[in-house]
Amino acid sequence: MESRLSLFTAFLVFLLLASCEQPQEHTAPAIHERDSVSMMTTYGVNTLISDSGVIKYRIVTERWDVNTVKNPTRWTFERGIFLEQFDQKFHIEGYIYADTAWYYDQLKLWELRGRVRIRNVNGLIFRSEELFWDGIKHEFYSHKYSKVVTPERELEGTYFRSDEQMHHYEVTNSVGSFQSSDMEPEPEPEEPAKDKDKTAADTAKQEKPIRQAAVRHKATTKPIQP
């Protein structure tokens, strides 16, 4: 009985000692990087953007983040962007859509990713998964598969470059598919039956013997004069 009591007492002492120990905290180090935090975050944006005092664009997006600490500084549109472009008389010249976009304001460079779509005033439609818009050089370019559709033609390729109005553009490294039957030469059309008969008759007329047949002459005798 005493042995059992001593064991129970030792067990209670062990529990008391364990409860007196300081608890160990498992915490992660604090984050002090300011560049991971946006300076401004705006939701439900529908605003006009001016360039040199002239309204040129309309931006529609669900979320707009502005970060002035990252290098280079940027605007971020993680939930997609719809951008309309206007001329000097405030007429719509076209639109641009992308699933995700970044605008590097100091570089005047747009980076569009995802489902990138463009349509200009002439009815040209551009589709790709990547597009860069250089506001200094005033041009678009892409190094991924792109498709350009106009009322006259369709072009596809893995490299695209154009001016801002997409009036002058080029698509290189073109890709496509075709059937092997397209490479076989087409048979020459047969001549009509009448033409065949006429050709045969003409050939028969032209076929003449190289030399004429020998002509026989009658022998004539003359009296021998003394």
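Of the 226 residues in this chain, 26% count as buried. The model you are looking at is predicted, and its pLDDT averages 76 over the chain, with 61% of the residues scoring at least 70. Two helices and twelve strands make up the secondary structure. Following the sequence from start to end, you meet them in the pattern α-β-β-β-β-β-β-β-β-β-β-β-β-α.

**The chain as a whole**

- About 18300 Å² of the chain is exposed, and carbon and sulfur atoms supply 54% of that area.
- Take the contacts between residues at least 6 apart in sequence: 31% of them join residues at least 24 apart.

**Where to trust the model**

- Which elements mark the two ends of the confidence scale? Strand 6 has the highest confidence in the chain, at a mean of 97, while helix 2 (residues 193-206) has the lowest, at 51.
- Please read residues 203-226 with care: pLDDT stays under 50 there. The model also has zero contacts beyond four places in sequence for this stretch.

**Strand 6 and its partners**

- Strand 6 covers residues 100-104 and is mostly covered, with four of its five residues buried.
- One partner is strand 3 (residues 74-77), which pairs with strand 6 in the antiparallel sense over three bridges. Here F77 has A101 of strand 6 as its bridge partner.
- Another partner is strand 7 (residues 109-120), joined to strand 6 in the antiparallel sense over five bridges. To find this pairing in the view, look for W102, whose bridge partner in strand 7 is E111.
- Strands 6 and 7 form a hairpin with four residues between the strands, and in this hairpin K108 takes a positive phi near 55 degrees.
- As a general point, side chains in a regular strand alternate between the two faces of the sheet.

**The largest pocket**

- How much space lies in the largest pocket? The answer is about 370 Å³.
- A general idea helps here: rolling a probe the size of a water molecule over the atoms shows where empty space is left.
- The lining of the largest pocket consists of 15 residues, and D51, Y57, Y103, K108 and W110 are the ones that lie nearest its centre.
- K108 therefore turns up twice in this tour, since the residue with the positive phi in the hairpin of strand 6 and strand 7 is also one of the residues nearest the pocket centre.
- Strand 1 (40-51) and strand 2 (54-67) each supply at least two residues of the lining.

**Strand 11 and its neighbours**

- Strand 11 (154-163) is joined to strand 9 (residues 139-142) by four bridges, and the two run antiparallel. In this pairing S142 stands opposite F160 of strand 11.
- Strand 10 is also joined to strand 11 by four bridges, again running antiparallel. V149 has E154 of strand 11 as its bridge partner, and the hairpin formed by these two strands has four residues between them.
- Strand 12 (residues 169-174) is joined to strand 11 by five bridges and runs antiparallel to strand 11. Along this pairing, G157 stands opposite S174 of strand 12.
- The hairpin of strand 11 and strand 12 has five residues between the strands, and M166 takes a positive phi near 55 degrees in this hairpin.

**Two residues to look at up close**

- T150 is placed in the loop between strand 10 (146-149) and strand 11. Is T150 buried or exposed? T150 is buried, because its relative accessible area is 12%, which is under the 20% cut-off.
- Not counting residues up to four places away in sequence, T150 touches L124 and Y169.
- I92 belongs to strand 5 (residues 92-98). Its relative accessibility is 49%, so I92 counts as partly exposed; the exposed class starts over 50%.
- Which residues does I92 contact, leaving aside neighbours within four places in sequence? They are E84, Q85 and F86.
- I92 and K56 are 36 residues apart in sequence, and their C-alpha atoms are 9.2 Å apart in space.

Key
Residues are numbered from 1 along each chain as its sequence is written. This is a predicted model: local features need pLDDT of at least 70, side-chain atom pairs count only at pLDDT 80 or more; totals for chains, interfaces and linings use all residues. Side-chain values use heavy atoms; hydrogens and water are left out. Buried means under 20% relative accessible area, exposed over 50%, partly exposed in between (1.4 Å probe, protein chains only). Two strands pair if DSSP finds at least two bridges between them. pLDDT is the predictor's confidence in each residue, from 0 to 100. Contact means heavy atoms within 4.5 Å. Accessible areas come from the Shrake-Rupley method with a 1.4 Å probe; for residues, only the protein chains shown count as cover. On a 1 Å grid over the protein atoms alone, a cavity is a set of points where a 1.4 Å probe fits but cannot get out, and a pocket is an open set with protein on both sides within 12 Å along at least five of seven lines; lining residues have an atom within 4 Å of a point. Grid points are joined across faces, edges and corners, and a volume is the space filled by probe spheres set on the points.
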